[in-house]
Amino acid sequence: MTTNDQVTTQDHITTDHSYERVLFEKDARSHIARITFNNPAKKNAISPEDCEVLSRYLDDIADDDAIKVVILRGAEGVFSTGADLSRAYGWYDTPGEKRRPSQRRRLNVDRKSQRLFHEFIGFPKVTVVQLESYALGAGFELALSADIVVASRQAKIGMPAARFLGPVLGNIALFMYRLGPVGCRDLLLTGRMAEAAEFESDRLFTRFVDEADVAAETEAIAAQVAKMPADGITIAKEAYRLVEASSALGLEETTAYLFHSYGTNLRFEPDEFNFVKERAKDGTSAAFKKRDEHFEAGAQA
């Protein structure tokens, strides 16, 4: 059955390519769904609309009793470089207003955007991230939120937004829980990008393989999980979530959006790098270049 030119159900496979930046496929016979970020020109950077579509597809998978596992991946061998910063500060704009957004506006927007990570952590099916090339910003947060991650040893991970907004505060409970206090402070206070291999001995991710082997290993693990009883998976996921909720991760739902909202509302001193100001003046690419020059000069001093 074809509902339009890009949404197709044929035998046991359903595909939805109606929104070109996030592609969807599920296979009832293998019990595996796949969601693909498809913005390769920007290394699969994610917009608010992408997040809304991702949430819709996750809801579809959650309601489909035939699906046990979902693979989250990026097109052309890149997972995601995080939020699309060419329009990031427009997220808070109130339609029809040109003035600075109110704090209540920020809190409402951040509550909605951070909900994605909360729901991904508590998702009733097994979530598998195929981590190739980059997992930065929101991409890194999604990887830390997943049940299973197959990571390229050569992939770059981190929260580089720290280099223009200061230490990242959204999802701090998740960072502390998954990275530990030492790794969390390292990545968030420096804003550096690290090679995933640096965290292999700490077992930050489920599997560490060479870049060329990530896709095949991801599919192999998903197929293994898909052989488990569906009820057993869901019961286990709920049990894991209850135990995690009693730990530091239990703070994630509330603190993530509160801290993100406060942490993105900063005053910059004259000798501090102001990404927002530089982007408005010279554009996003030039602002990124100036950001890197600013921090590299500081590291060499």
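**Figure 1. Helix α7 and the lining of the second largest pocket in the predicted model.** In this predicted model, helix α7 makes the largest contribution to the lining of the second largest pocket, giving 7 residues. The volume of this second largest pocket comes to about 550 Å³, and its lining is made up of 25 residues, with A146, D147, I148, K237 and Y240 lying nearest the centre. Besides α7, the elements that each supply at least two residues of this lining are α3, β8 (148–152) and α5 (172–190). When the lining residues of the second largest pocket are sorted by character, 16 are nonpolar, 3 are polar and 6 are charged.

**Figure 2. R241 within helix α7 and the residues that it touches.** R241 is a residue of helix α7, which runs over residues 230–245. Is R241 buried or exposed? With a relative accessible area of 16%, R241 is buried, because this value falls under the 20% limit used for that class. Leaving aside residues up to four places away in sequence, R241 touches H118, I121 and G122, and it also touches L249 and E252.

**Figure 3. Helix α3 and its enclosure by the rest of the structure.** Helix α3 spans residues 138–145, and because 8 of its 8 residues are buried, it is largely enclosed by the rest of the structure. The buried residues of α3 are A138, G139, F140, E141, L142, A143, L144 and S145. Helix α3 is also one of the elements that each supply at least two residues of the lining of the second largest pocket.

**Figure 4. The largest cavity and the residues around it.** How many cavities of 30 Å³ or more are there? The count comes to 1 cavity of 30 Å³ or more, and the space in the largest cavity amounts to about 30 Å³. The lining of the largest cavity consists of Y92, D93, T94, E97, R99, R100 and P101. By character, this lining of the largest cavity comprises 4 charged residues, 2 nonpolar residues and 1 polar residue.

**Figure 5. H31 and N44, two residues with positive phi.** H31, although it is not a glycine, has a positive phi of about 70 degrees, and its place is in the loop between β3 (22–27) and β4 (32–37). The relative accessibility of H31 is 25%, so this residue counts as partly exposed. N44, likewise a residue other than glycine, has a positive phi, near 60 degrees, and it is found in the loop between β4 and α1 (48–63). Which class of exposure does N44 belong to? At a relative accessibility of 1%, N44 counts as buried.

**Figure 6. D50 in helix α1 and its contacts.** D50 is found in helix α1, where it counts as buried at 1% relative accessibility. Once residues up to four places away in sequence are set aside, D50 touches Y19, R21, V22 and A45. One of these contacts, V22, falls at the start of the range given for β3, residues 22–27.

**Figure 7. G283 in the loop between α9 and α10.** G283 lies in the loop that joins α9 (275–282) and α10 (284–300), and at 24% relative accessibility it counts as partly exposed. The C-alpha atom of G283 is separated by 8.3 Å from that of S86, although these two residues are 197 residues apart along the chain.

**Figure 8. The protein chain as the setting for the close-up views.** The protein chain has 10 helices and 11 strands. Its radius of gyration is 19 Å, close to the 19 Å that the globule rule gives for 301 residues, so the protein chain is as compact as a globular protein of that length. Along its principal axes, the C-alpha trace of the protein chain spans about 60 × 50 × 40 Å. Of the 301 residues of the protein chain, 45% count as buried, and the area that the protein chain exposes is about 15,100 Å², with 53% of it supplied by carbon and sulfur atoms. Among the contacts in the protein chain with a separation of 6 or more, 68% are accounted for by residues 24 or more positions apart.

Terms used. Residues are numbered from 1 along each chain as its sequence is written. This is a predicted model: local features need pLDDT of at least 70, side-chain atom pairs count only at pLDDT 80 or more; totals for chains, interfaces and linings use all residues. Side-chain values use heavy atoms; hydrogens and water are left out. On a 1 Å grid over the protein atoms alone, a cavity is a set of points where a 1.4 Å probe fits but cannot get out, and a pocket is an open set with protein on both sides within 12 Å along at least five of seven lines; lining residues have an atom within 4 Å of a point. Grid points are joined across faces, edges and corners, and a volume is the space filled by probe spheres set on the points. Ala, Val, Leu, Ile, Met, Phe, Trp, Tyr, Cys and Pro count as nonpolar, Asp, Glu, Lys and Arg as charged, and the others, Gly among them, as polar. Buried means under 20% relative accessible area, exposed over 50%, partly exposed in between (1.4 Å probe, protein chains only). Helices (H or I, at least four residues) and strands (E, at least two) are DSSP runs, numbered from the N terminus. The radius of gyration is taken over C-alpha atoms; the globule rule is 2.2 Å times the number of residues to the power 0.38. Contact means heavy atoms within 4.5 Å. Accessible areas come from the Shrake-Rupley method with a 1.4 Å probe; for residues, only the protein chains shown count as cover.
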